[in-house]
Amino acid sequence: MDDTFEQPQDRDPGDDAAILAFCLSLLAFGIYCLLTGFGTRNGPGITASWQNLPAQAVTGPLLGGLFTLGVLAALVCALVL
């Protein structure tokens with residue numbers, strides 16, 4: 001570390017976009033946990049909670065797609081931009 005202060009406008013725009021994209025994936029995972037009870041004390045495991053997902057044909061691909069999109073976008077933004 002060189003102990004210099006970096007202004008927000010001097011930061012790489014890819015860093016901010018990566019943070020936002022990663023937040024999208026965390027939001028999708030949080031919604032999954034709220035819908036299924038995954039992560040609660042003595043709650044269901046990942047497989048059991050996935051089977052208990054309401055409207056599984058819609059919410060499963062939607063939440064999985066949002067999570068995947070967020071992670072991939074975060075990787076692209078962090079590594080390429």
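**Exercises on a three-helix chain**

Leu75 is partly exposed, with a relative accessible area of 46%. Keep that in mind while working through this predicted model.

**Exercise 1.** Work out whether Leu75 can join a surface patch, and find which residues make the patch.

*Solution.* Start with the location: Leu75 sits in helix H3, which covers residues 56–79. Next, check the cut-off: a patch residue needs over 30% relative accessible area and no salt bridge. At 46%, Leu75 is partly exposed, so its accessible area clears that cut-off. Now list the members: Leu72, Leu75, Val76, Leu79, Val80 and Leu81 make a nonpolar surface patch of about 630 Å².

**Exercise 2.** Describe the fold pattern of the protein chain, then decide how spread out the chain is.

*Solution.* First, count elements: the protein chain has three helices and zero strands. Going along the sequence, that reads α-α-α. Then take the radius of gyration: it is 17 Å, well over the 12 Å that the globule rule gives for 81 residues, so the chain is more spread out than a compact globule. For the dimensions, look at the C-alpha trace, which spans about 50 × 25 × 15 Å along its principal axes.

**Exercise 3.** Find how much of the protein chain is buried and what its exposed surface is made of.

*Solution.* Begin with burial: 20% of the 81 residues count as buried. Move on to the surface: the chain exposes about 5900 Å², with carbon and sulfur atoms supplying 68% of it. To finish, turn to contacts: among those between residues at least 6 apart in sequence, 55% join residues at least 24 apart.

Note on methods: Residues numbered from 1 in each chain as written. Predicted model: local features only at pLDDT ≥ 70, side-chain atom pairs only at ≥ 80, totals over all residues. Heavy atoms only, no water. Patch = residues over 30% accessible without salt bridge, like charges linked within 9 Å, V, L, I, M, F, W, Y side chains within 5 Å. Areas by Shrake-Rupley, 256 points an atom, 1.4 Å probe, with all protein chains shown as cover. Salt bridge = Lys/Arg side-chain N within 4 Å of Asp/Glu carboxyl O. Helix = DSSP H or I, 4+ residues; strand = E, 2+ residues; numbered from the N terminus. Buried < 20%, exposed > 50% of the residue type's maximum accessible area, 1.4 Å probe, protein only. Rg over C-alpha atoms; globule rule 2.2 N^0.38 Å. Contact = heavy atoms within 4.5 Å.
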